[in-house]
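Biologist: I am new to this one. Show me the model, and I will ask how each label is earned.

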Amino acid sequence: AGPAGMLQPRDTPSRERKELSGLWSFRADLSPGRDAGFAQRWYRRPLRQTGPVIDMPVPASFNDITQDPSLENYIGWVWYEKEVLLPLRWLRGDPAPRVVLRFGSAHYYSIVWVNGVQVVEHEGGHLPFEADISSVVQGSPEPLCRITVALNNTLTPHTLPPGSIQYMADKSRYPKNYFVQNTKFDFFNYAGIHRPVVLYTTPAAYIDDITVTTTSSDSVGRVQYQVSVVGSTANSLSLSLRDQEGKVVATGDGAVGELKVLNPNLWWPYLMHENPGYLYSLEVRMQAQVGEVLLQDVYTLPLGIRTVHVTSTQFLINGRPFYFHGVNKHEDADIRGKGLDWPLIVKDFNLLRWLGANSFRTSHYPYAEEIMDLCDAYGIAVIDESPGVGIKLPESFGNKSLQHHLAVMEELVRRDKNRPSVVMWSVANEPASELPPAAHYFKTVIAHTKALDPSRPVTFVTDANYALDRGAPYVDVICVNSYFSWYHDPGHLEVIPLQLTDQFDNWYKTYQKPIIQSEYGADSVPGLHSDPPMMFTEEYQQAMLREYHSVLDKKRKEYVIGELIWNFADFMTNQGTTRVLGNKKGIFTRQRQPKAAAFVLRDRYWKIANESSCLPPVITSHSFYL
């Protein structure tokens, strides 16, 4: 991931942002080899001069925007372009400001040019990447900045997630050069520029990175910090920590140090405290001498003071037992696919709080920084998961895959290391962890993640047999997915108590580690009913949940520390004989309307919250706690 920091762009007295959301020019490379764009050097001139282009919204997936079925399932290179006029103050000065181009995420392999000059290349989706474009734009005779992006959504056995291209050679059944992309994960492989693209400035000497960790004891909160500066060795740093009223509660100076806060307001999860998600503001000021000029840079970092600790039976936040009653999600919605959408984000958080959910897992990839910001502010605890989903083939456990996985974890930790909402890292979901190479693979990935961030527990989510799983010895918390009476013994709800109890007992007896039921659920088609319950009806989904809950209620008194329903909302998948317009395991529809199961889960989550909270009971039939 490289040594540079990846601070989230913010407007400050010394920094400016220019968001590039909106319509971009777009062209899919439909040549047989998908290589015409490179052969003809489309990046050398405006994209409209290379051939027909269409308008494409950014951020958004490109798949569902048009009526063209070939674009819906397109595999290969697509090209985006945006022309931007830069403020003259960004182009002049002695020294001139540093101008940076940043992508929140793009799926999956990106090459970026500015005014025909390549500035960055990045492998992988779901995480940000950026380039210093100062020399390109400040050397240009005019302020026009033409940004060209070549984006490829092809997956290989060594990408995250993995995939493979299969060519169909039987010419009696398939057209010439016909191929498909095979994957081992159950969600639609949306592609495009999915998160905001931003131009931002910093001074020529600037605050490059900030790392904070927090502890608290005896009415004193401690914030250990480390700040790195680039562009000047002759610099000074001062830090101020302010509470939500703007009062300075601690100060410090220097690149490394500790701030002490008397009687701190701790960061608590939703429903665990009357004031969840409390955030301080850490203001870092830099002064640096560059030649004859004294430069100043200011960056403000939201900061929560909290601790996380795992025992053999409990997950502790600020020393108190925490029970995950939450959901698994997807970045998925009609039309925009995985594109960031503020109305949808706010709606989802309102539904989470209505539900009484205190947590979610970022299944099965890191979510947008804008989503993580709200988790910090609202007190939603997050299991932050890498894109390591669908790691099934032996070749995906080799050194090439391993090195990429390590780099992805570096990028993820670098982005989210300072977030109080992130209480645990997950390095993968449902890998073939029973395979022999999985032992070395996960031992290495987990050790590397712990070296990057010793302050948080690390896990991966398994669906392997407890006796065969070769990665489980290295995790701090056992996360288990199971679908009894759905994928196993379909239709037989009566087997759940025995099989689920046996699952928990076997895992705990083997590893003596706390357990999260990280996935469980059943598909239900809204409006489909049957009594007695039958599969795919709303009644069956309700009945399955209740059977799981009866066992969970017993085991959460012992060593089960959480339950995450699969899924928060229905989501799109590849077409198949078991998928009718996607996966229907949501307790909400894809349009965020509740199914009957949502009310079962809401009653349960509020009951658990009221049992464990020091707050007075707050649930009513028509309200939720804010």
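Modeller: Start with the record. UniProt, in an unreviewed entry, lists residues 19-203 as "domain: Glycosyl hydrolases family 2 sugar binding". The model itself is predicted. In it, that span is 7% helix and 39% strand, and its end C-alpha atoms lie 19 Å apart.

Biologist: What makes 16-153 + 189-202 domain 1?

Modeller: An automatic or database domain assignment sets the bounds. The chain is also given domain 2 (206-303) and domain 3 (320-612).

Biologist: How do you know which residues of domain 1 and domain 2 are in contact, and how many are there?

Modeller: Contact needs heavy atoms within 4.5 Å. Four residues of domain 1 meet that with four residues of domain 2. The C-alpha centres of these two domains lie 34 Å apart.

Biologist: What area do domain 1 and domain 2 bury between them?

Modeller: About 310 Å², with 72% of it on carbon and sulfur atoms. In domain 1, Pro 95, Arg 98 and Thr 202 lose the most area to domain 2. Together they make up 89% of what that side buries.

Biologist: Why is the side of domain 1 that touches domain 2 said to have one nonpolar, one polar and two charged residues?

Modeller: Because Pro counts as nonpolar and Arg as charged, while residues such as Thr count as polar. Sorted that way, the side gives those class counts.

Biologist: How many salt bridges does the rule find across this interface of domain 1 and domain 2?

Modeller: Zero. A salt bridge needs a Lys or Arg side-chain nitrogen within 4 Å of an Asp or Glu carboxyl oxygen. The rule finds no such pair between domain 1 and domain 2. One residue pair there is in polar contact.

Conventions:
Residues are numbered from 1 along each chain as its sequence is written. This is a predicted model: local features need pLDDT of at least 70, side-chain atom pairs count only at pLDDT 80 or more; totals for chains, interfaces and linings use all residues. Side-chain values use heavy atoms; hydrogens and water are left out. Buried area is the accessible area (1.4 Å probe) that two parts lose on being put together, summed over both. A polar contact is a pair of N or O atoms within 3.5 Å; within protein, one must be able to donate a hydrogen and the other to accept it, and residues adjacent in sequence count only if both atoms are side-chain atoms. UniProt positions are given in the numbering used here, feature names are shortened, and annotations may be inferred rather than shown by experiment. Helices (H or I, at least four residues) and strands (E, at least two) are DSSP runs, numbered from the N terminus.
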